[in-house]
Amino acid sequence: MYNATLSVRGRSGWFRALFRVLGCTGLVLWPGFTSAGTEVIGSRFWHGPERTRLVLELSDPVRYKVFRLRNPERIVIDLSDSELAEGVSLLAKGDGPVMGVRSGTPLPKTLRVVLDLRAPWLYRAFLLTPSGSYPHRLVVDLSLDPQDGVSLADPSNTREEDYLVVIDPGHGGEDPGAIGAEGSHEKDVALAIASRLKRIINWDSRMRAVLTRTDDYYVSLRKRVAFAMNASADVFLSIHADAANRRSARGASVFILSTDGASSEKGKWLAQRENASDLAGGVDIGEQDPILQRTLLDMGLDWKIRESRSLGIELLKSLGRVGPLHSANVERAGFAVLKSIDIPAALIETGFMTNPDEEQALKQVLVQERIAGAIFRALSAYCDADQRCPRRTAEPNVYVVAPGDSLPLIAARLGLTVSDLQVANPSGSASLQLGQRLKVPDP
Ligand SMILES: [Zn+2]
């Protein structure tokens, strides 16, 4: 068990230690000072479609108890020998299940946090040890479903006969992924590109796309894989942005699964970094996904690797036309998120968050659209070869103007320039009409 008196940490640690020593001898009792061992130094809420997560950041590990009270519905979190650090407020965010948050001290030295709920939600709580820049954390997950099982976070009317593409925006919630020099987060770039890609894919009648996460919350790596397998996905694409110590490192790379070591030192390092997502994002190690108790089977693995490589080659070809490549070859490494059974899968590092120019670019709508368009064209080429997905119904070289379109956006999506489009469509490209057919020149 943890012994709070051994710990001297945090801003007021020295005072607390001094006080404890003096307090123990019974010499001093300073009014206004408490001898709490652990401070709650921060709090955050993350809302997902299946659960809402409360994260309490702690100066030290803590003994805690969580229980539920009815009429009205409440979740009570008692932290032993704890207090709220100065200036920390517990605020409910957004329109999740939590109406309000209160705190108090019902018993000496016990910090009680009460979540007032709109409806009877279930809870699960677990501690996380420090990871990266994060201190100790207590995570309280609230869910409606007792199993908190794998379901489609984004069920946008998938049909059985569709060629189903599961797009996985890396990181999310507690896990920001790579952080750029200007403070941009990989998780935001990944979600923006993935959402654009989903929209583009869903315009194509041959395919249907769903996302493993649709907002800023964390989904465990195991759950992302289980999600694709449960949905019987035909392809899995994980979208990321890279990090390197060298600020000049730039360009996109594409990885597929390796089960016998990485194809490069960089790949090995990257897989380790990406696989550590669960440490930052917060996963209860007791969490079990029955579907993944089957480990990656040898059966079908050769086929999967071969298919993933074909897809990877198309991705590099297409991404190389719209921006620089970091590596001209499809790399292989042991990414946990690519370990689905029998689903061709690739992880795309779209550029470097740590390169100041690319960090700027990756935040721009037109760049995101250009990358998403390039990924789509690769997928489309992969799909057309060997008739992997249903026959194309859209006319080639015709673009039908969709809601929200503009000439720069269409040009970015198609990997062209605005003037390419203007030249091919001398009349009618000045003001776009919904449903208008634009001639698309070959790139
Ligand atoms: Zn990443």
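**A mixed sheet, its helices and a zinc site**

In this predicted model, Ile256 has Arg332 of strand E14 as its bridge partner. That pairing belongs to the join between strand E13, residues 253-257, and E14, two strands that run parallel and are linked by 3 bridges.

Both strands are part of an open sheet of 6 strands, whose order is E11-E10-E12-E15-E13-E14 and whose pairing is mixed. At its edges lie strand E11 (207-211) and strand E14 (331-333), each of which pairs on one side only. On average, and with direction ignored, neighbouring strands of this sheet are turned by 30 degrees against each other.

Further along the order stands E12, which is joined to E10 by 5 bridges in a parallel arrangement, with Val165 standing opposite Val235 in E12. E12 also pairs with E15 in the parallel sense, over 6 bridges, and here His240 stands opposite Glu349 in E15. In a regular strand the side chains alternate between the two faces of the sheet. In E12 both faces are covered, for Val235, Leu237, Ile239 and Ala241 on one side are buried, and so are Phe236, Ser238, His240 and Asp242 on the other.

Two helices can be followed next against this sheet. Helix H2 (residues 186-203) lies across strand E10 (163-169), E11, strand E12 (235-242) and strand E15 (345-352), and runs at about 155 degrees to E11. Helix H8 (residues 365-384) packs on the sheet as well, touching E10, E11, E12 and E15, while its direction makes about 150 degrees with that of E12.

H8 also meets helix H9 (residues 407-414), and the axes of these two helices come within 6 Å and cross at roughly 40 degrees. Because of this crossing angle, H8 counts as oblique to H9. On the H8 side the contact includes Val365, Leu366 and Arg370, and on the H9 side it includes Pro408, Leu409 and Arg413. Sorted by class, the contact of H8 with H9 has 7 nonpolar, 1 polar and 4 charged residues.

Which residues hold the zinc ion as protein donors? They are His171, through NE2, Glu186, through OE, His240, through ND1, and Glu274, which is listed with two OE donors, and these atoms lie 2.0 to 2.3 Å from the ion. In sequence the donor residues are spaced H-x14-E-x53-H-x33-E. His171 lies in the loop between E10 and H2, whereas Glu274 lies in helix H4 (residues 265-275), so this pair ties together parts that are 103 residues apart in sequence. Both His171 and Glu274 are buried.

Notes: Residues numbered from 1 in each chain as written. Predicted model: local features only at pLDDT ≥ 70, side-chain atom pairs only at ≥ 80, totals over all residues. Heavy atoms only, no water. Pairing = 2+ DSSP bridges. Helix = DSSP H or I, 4+ residues; strand = E, 2+ residues; numbered from the N terminus. Axes fitted to C-alpha atoms, helices over the stretch in contact; angles between N-to-C directions. Contact = heavy atoms within 4.5 Å. Parallel < 35°, antiparallel > 145°, perpendicular 65-115°, else oblique. Nonpolar A, V, L, I, M, F, W, Y, C, P; charged D, E, K, R; others polar. Donors = N, O, S within 2.8 Å, 3.2 Å for Na, K, Ca; no water. Buried < 20%, exposed > 50% of the residue type's maximum accessible area, 1.4 Å probe, protein only.
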